[in-house]
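Biologist: I would like to learn how to read salt bridges in a model that I have not seen before. Could we go through them one at a time?

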Amino acid sequence: MARFSTSEKKETPGISSGSLSDIVFMLLFFFMVTTQMRESESKVKVTVPQATEVAKLERKDLTSYINIGAPTDKNLGTSTRLELNGDFKSVDDIRDFISTERNAISPEDRHLMTVAIKADKGVQMGIITDVKQELRRCNALKIMYQANKLTEE
């Protein structure tokens with residue numbers, strides 16, 4: 001009988017990079033499909049203030065945004081304007097805005113609805129107070145102010 005010699009050590013073959021391009025393109029396609037793009041550009045110029053205590057929002061899909069600031073288009077004037085869903089509105093239109101946003105959310109998530117106020121740091125506090133009073137009348141009591149984290153220099 002013949003004996004097989006096992007004195008030679010076998011090397012493992014190198015990793016094949018043939019399918020690497022397929023994997024990269026598949027990941028690229030996945031991220032392109034699942035990424036959400038900004039729906040509309042803001043019509044008001046907002047420079048958010050800085051804050052020391054900042055918390056991230058957990059469910060952005062349950063958030064309604066109210067932008068307050070001067071219009072980006074100089075033909076519309078320089079006075080402070082309210083932007084709701086991409087249109088300039090008044091404080092009286094907030095009630096319809098909140099009811100429309102509430103109806104778009106499922107009934108079990110309505111208590112989690114948050115209103116985010118994104119106001120320019122130079123805006124007078126009077127208009128923000130008017131917006132808050134109208135939100136109270138609409139029973140939209142979960143309010144968040146948008147701000148950037150204070151950078152330490």
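Modeller: What follows is a short walk through the salt bridges of this predicted model.

Biologist: How many salt bridges does a search of the whole structure find?

Modeller: The general idea is to look for a side-chain nitrogen of Lys or Arg within 4 Å of a carboxyl oxygen of Asp or Glu. Here, the search of the whole structure gives 4 salt bridges.

Biologist: Which side chain meets Arg 95 in a salt bridge, and where do the two partners lie?

Modeller: Arg 95 pairs with Glu 134, at 3.5 Å from N to O. Arg 95 belongs to helix 2 (residues 94-104) and Glu 134 to helix 3 (residues 125-137), so this pair ties together parts that are 39 residues apart in sequence. Arg 95 is partly exposed, at 40% relative accessibility, whereas Glu 134 is buried, at 8%.

Biologist: With which other residue does Glu 134 form a salt bridge?

Modeller: Glu 134 also forms one with Arg 137, where the closest N and O atoms are 2.8 Å apart. These two residues are 3 apart in helix 3, which means that about one helical turn separates them. Arg 137, with a relative accessible area of 55%, is exposed.

Biologist: Which residues are joined into one network by salt bridges that share partners?

Modeller: That network consists of Arg 59, Asp 61 and Asp 109. Within it, the side chains of Arg 59 and Asp 61 meet at 3.1 Å, N to O. Arg 59 is partly exposed, with a relative accessible area of 38%, while Asp 61 counts as exposed at 54%.

Terms used:
Residues numbered from 1 in each chain as written. Predicted model: local features only at pLDDT ≥ 70, side-chain atom pairs only at ≥ 80, totals over all residues. Heavy atoms only, no water. Buried < 20%, exposed > 50% of the residue type's maximum accessible area, 1.4 Å probe, protein only. Helix = DSSP H or I, 4+ residues; strand = E, 2+ residues; numbered from the N terminus.
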